[in-house]
Amino acid sequence: MIRKRRATTTVPNIGTLKQIHALMIINGFTSNVSFLRELVFAAATSLVGPSATATVIEYAHQMFDQIPEPDTFMWNTMIRGSSQSPDPVRAVSLYALMHHRSVKPDNFTFPFVLKACTKLFWVKTDMYAKCGSIGEALHVFRLIRDKDVASWNSVISGLAFHGHADESLGLFREMQRTKVCPDEITFVSVLVACSHAGKVDEGYQYFDLMRRKYKIEANIRHYGCMVDMLGRAGLLKEAFDLIASMKKIEPNEIVWRTLLGACKVHGDVELAKRANEELLRMRTDQSGDYVLLSNTYASQGEWYGVEKVRKLMDDSGVTKNLGSSFVEA
């Protein structure tokens, strides 16, 4: 069964592996090294990708520890799986243990260990970027020799979301001069940078570049960024027209709420009403949407509209959440 999975390169389900392991115990095959090797190979394969949870990682290592004297192939299998898992430090630890047990590495061992080290650099870069420590993030980023798309995305995103739009876009242009292709996540960060910096024309250019050159279909996050960019710039009619042009993707609440918030900022009551109508069509229990529309009316002195919204809330049974504050004694 495991061999069949290996042949089809399907990542095995951890539940299935545990069932097989239980059958091995029941039938007295726990001392069979060949069976254990196959089980470890399958477990190590499951370390790769989003399915690699902490439970899966721990299980794979438990299976590996049951092999009396793993050969270089088995060490490489575990190091490779660990290097691609969310916990690449385990790959480095395995290599240290391999060296301690005097198992000779081969030509495959070192690339797997180096991959783990590269990923550790990326994890550190991502951590610094998300914390807003941009200087440290850039320093670690420059130390990475073979930068993949995840490495670039971490820093471009960190710069974009922490008010360094020009630096973010500059880094994206630097990325374009490499052989690394941007992905949909890259362009979300690029569009966020354009939005925060008010670079509307540049934003349109990147939006078009994404679809035309890189053949990336715009998703709801890309459209949300574009609506936010146009809304911040006061181009509310353009933002509305962009939403109306969304044929393959249904605009969600976030897109309409972004437009509604922009209408409030710029005092466009008519567009605010249309955005609110779309939000109410999706759901009627979000008090914040009513409040945004009411505040838009109030900002223009249209008190009849404010009363109308309040009546609509009452009729729909929606109540505004009470504000609260915390004072430490």
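This report covers the nonpolar cores, helix α16 and the surroundings of serine 168 in a predicted model.

**Cores.** The largest nonpolar core has 49 residues, and within this core Tyr206 and Leu259 touch the most other members. Helix α11 (residues 184-197) supplies the largest share of the core, 7 residues. A second core, separate from that one, has 25 residues, among them Ile20, Met74, Met98 and Val113. In soluble globular proteins, nonpolar side chains tend to be buried together.

**Contacts of two residues.** The table gives the contacts of leucine 259 and serine 168, leaving aside residues up to four places away in sequence.

| Residue | Residues in contact |
|---|---|
| Leucine 259 | Val227, Leu236, Ala239, Phe240, Ile243, Ala275 |
| Serine 168 | Ile156, Leu159, Ala160, Ala193 |

Serine 168 is part of helix α10 (residues 165-176). Its relative accessible area is 0%, under the 20% cut-off, so serine 168 counts as buried.

**Helix α16.** Ala275, one of the residues touched by leucine 259, is among the buried residues of α16. The others are Val269, Leu271, Ala272, Asn276, Leu279 and Leu280. The helix comprises 14 residues (residues 269-282), and because 1.5 Å is expected for each residue, α16 should span 20 Å. The C-alpha atoms at its ends are 20 Å apart, in agreement with that expectation. At the start of α16, the backbone nitrogen of glutamate 270 has a side-chain oxygen of aspartate 268 within 3.4 Å.

Note on methods. Residues are numbered from 1 along each chain as its sequence is written. This is a predicted model: local features need pLDDT of at least 70, side-chain atom pairs count only at pLDDT 80 or more; totals for chains, interfaces and linings use all residues. Side-chain values use heavy atoms; hydrogens and water are left out. Helices (H or I, at least four residues) and strands (E, at least two) are DSSP runs, numbered from the N terminus. The expected span of a helix is 1.5 Å times one less than its number of residues. Buried means under 20% relative accessible area, exposed over 50%, partly exposed in between (1.4 Å probe, protein chains only). A polar contact is a pair of N or O atoms within 3.5 Å; within protein, one must be able to donate a hydrogen and the other to accept it, and residues adjacent in sequence count only if both atoms are side-chain atoms. A nonpolar core is a set of buried Ala, Val, Leu, Ile, Met, Phe, Trp, Tyr and Cys residues joined through side-chain atoms within 4.5 Å. Contact means heavy atoms within 4.5 Å.
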